[in-house]
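Colleague: Please take a close look at one loop position in this structure, and then work outward to the other parts of the chain that are worth a visit. A plain account will do.

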Amino acid sequence: MKEQLLDRFLRYVKIDTQSDENSGTNPSTDKQFDLARLLVSELEELGLDSVELDGRGYVYARLDSNLQKDQAIRKASGPGPIPKLGFIAHLDTSPSASGKDVNPKIIRNYPGGDIRLNGTVSILEKENRHLKDSLGHTLITTDGTTLLGADDKAGIAIIMTALHYLQTHPEIPRPHIRVGFTPDEEIGKGALHFDLERFDADFAYTVDGGPAGEINNETFCADSAVISIQGKNIHPGEAHGVMVNALKIAADIVAALPGDMAPETTKDKAPFIHPYFMEGSVGTAVVKFLLRAFDIQTLEKQKALLEDIILRVQDRYPGSRIDLEISKTYRNMHGALQQVPHVSAYLEEAVRRTGLVPKWVAVRGGTDGSGLTAMGLPCPNIFTGGHNYHGQTEWVSLDIMEKSVETLVHLVQICLE
Ligand SMILES: [Zn+2]
């Protein structure tokens, strides 16, 4: 199974599928279709039904139950219809690092220590606490010039390998299985055009997580904020009393943010406001922010904080105009998942059966599951064994990917028990 998993993974990461948040198209980049088309042909080869790629880059497929229709499902709650279980992963890689010409390096039987990727980039043991849990594993890294794309091609390879396993083990009773591969997760649009009716699952799991045994049913609540600043430009020689410099206003706004509410100064369940883009000249400037918190009330407070900063800064720059626009990105899925506790319970038990210790971790980010859960499809997240996503030091343990495949195969059985 390990070699098949490795083969698939290497095949998928070599296809550039970087998404682009500045694109207005769906999917945001055409090249995501390259991987989508390959997966369609592989799903067909695996013998799945209703394999479809839609015009927006979503791949859907089905593997129907091998139980007889009239066979009663013995569940703790008594007989019921055959469940419809979904698995989801995303096609795209992050815009924050190149995904072109990925040249994966394979380290078999990792002996410990730092991993040198090239002359300047290394994966350091002291910055990667999970390396010491990976002794003897097969690790896959980059050559230090691109991201790896384990986020989320590890998830795709895990799902495809689990499907192959189920197809070659028809003696394992299974529910109806639904598969979905989404574009543009990294730019927050993976759930946007997901066709729930076509997918047709009762509940699903994204395979888009991190370290061994970590599972997620809690994510940030996320909004984005754009502050647009109108200054007044004039020749500097005649500027006295007239010029209003939008760049200085932008700088003052960023400087007024609380230092203890930044991504670089917070962890666990602490919220942050993150200015991530700034552009402008004397006349106009734009600053973009991510607002992140685990509950809506805190998100509202962050919005109020920005409004307050704007009022204070505007006071110092008469004649300026500062506009704030907030847009909703995704919401914490925890509340909705608490309404269907069996969905998380199945997952916890499936991880336990692989021999790993299940560990619920609140994601300091979002997944497709955040959006899908809000749309009515309960959707926790499963580890892949990947680390340092979105950068050149990304790495993944093939041994943990294999544990993730096992988790999916256990899930298939547990939901029928
Ligand atoms: Zn991901």
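Modeller: In this predicted model, Gly391 is buried, because its relative accessible area of 14% falls under the 20% cut-off. Gly391 sits in the loop between β17 and β18. Apart from neighbours within four places in sequence, the contacts of Gly391 are Ala97, Thr146, Leu147 and Leu148. Gln413 is 22 residues away from Gly391 in sequence, and the two C-alpha atoms are 36 Å apart in space.

His390 is also in the loop between β17 (386-387) and β18 (395-397). The phi angle of His390 is positive, near 75 degrees, and His390 is not a glycine. His390 has 33% relative accessibility and therefore counts as partly exposed. Gly391, by contrast, is buried.

A positive phi occurs at Asp200 too, with a value of about 60 degrees in a residue that is not a glycine. Asp200 belongs to the loop between α4 (196-199) and β9. With 25% relative accessibility, Asp200 is partly exposed.

Next comes the metal site. Which residues coordinate the zinc ion? His90 does so through NE2, Asp151 through OD, and Asp208 appears twice through OD, at 1.8 to 2.7 Å. Along the chain, these donors are spaced as H-x60-D-x56-D. Asp151 is in helix α3 (residues 150-168), while Asp208 is in the loop between β9 (203-207) and β10 (214-216), so this pair ties together parts 57 residues apart in sequence. Both Asp151 and Asp208 are buried. The geometry is irregular, with angles of 53 to 149 degrees among the 4 donor atoms. A tetrahedral label would need every angle to lie between 85 and 135 degrees, and the range of 53 to 149 degrees goes beyond that at both ends. For reference, the ideal angle for four tetrahedral donors is 109.5 degrees.

Asp151 has a second feature to note. The peptide bond from Asp151 to Asp152 is cis, with omega near 15 degrees. Asp152 lies in helix α3, as does the zinc ligand Asp151. Another cis peptide bond runs from Asn26 to Pro27, where omega is near -5 degrees. Pro27 is placed in the loop between α1 and α2.

Ser19 is in the loop between α1 and α2 (32-45) as well. With a relative accessible area of 3%, Ser19 is buried, because buried means under 20%. Leaving out residues up to four places away in sequence, Ser19 touches Ser28, Thr29 and Gln32, along with Asp92, Thr93, Pro95, Asp184, Glu186 and Ile187.

From that loop we can go to the helix before it. Two packed helices are described by the angle between their axes and the distance between the axes. Helix α1 (residues 2-13) and helix α10 (residues 398-414) have axes that come within 10 Å and cross at roughly 105 degrees. The two helices are therefore roughly perpendicular to each other. Lys2, Leu5, Leu6 and Phe9 are the α1 residues in this contact, and they meet Leu398, Asp399, Met401, Glu402 and Val405 of α10. Sorted by class, the contact of α1 with α10 has 6 nonpolar and 3 charged residues, and no polar ones.

Leu398 is one of the α10 residues that meet α1. Leu398 is buried, with a relative accessible area of 0%. Beyond four places in sequence, Leu398 is in contact with Lys2, Leu5, Leu6 and Thr138. Asp20 is 378 residues from Leu398 in sequence, and the C-alpha to C-alpha distance between them is 28 Å.

The last stop is an exposed position. Glu279 is in strand β12 (residues 272-280). Glu279 is exposed, because its relative accessible area of 51% is over 50%. Not counting neighbours within four places in sequence, Glu279 is in contact with Thr284, Ala285 and Val286. Leu247 is 32 residues from Glu279 in sequence, yet their C-alpha atoms are 8.4 Å apart.

Technical notes:
Residues numbered from 1 in each chain as written. Predicted model: local features only at pLDDT ≥ 70, side-chain atom pairs only at ≥ 80, totals over all residues. Heavy atoms only, no water. Axes fitted to C-alpha atoms, helices over the stretch in contact; angles between N-to-C directions. Helix = DSSP H or I, 4+ residues; strand = E, 2+ residues; numbered from the N terminus. Parallel < 35°, antiparallel > 145°, perpendicular 65-115°, else oblique. Contact = heavy atoms within 4.5 Å. Nonpolar A, V, L, I, M, F, W, Y, C, P; charged D, E, K, R; others polar. Donors = N, O, S within 2.8 Å, 3.2 Å for Na, K, Ca; no water. Tetrahedral: all angles 85-135°; square planar, octahedral: opposite > 155°, others 65-115°. Buried < 20%, exposed > 50% of the residue type's maximum accessible area, 1.4 Å probe, protein only.
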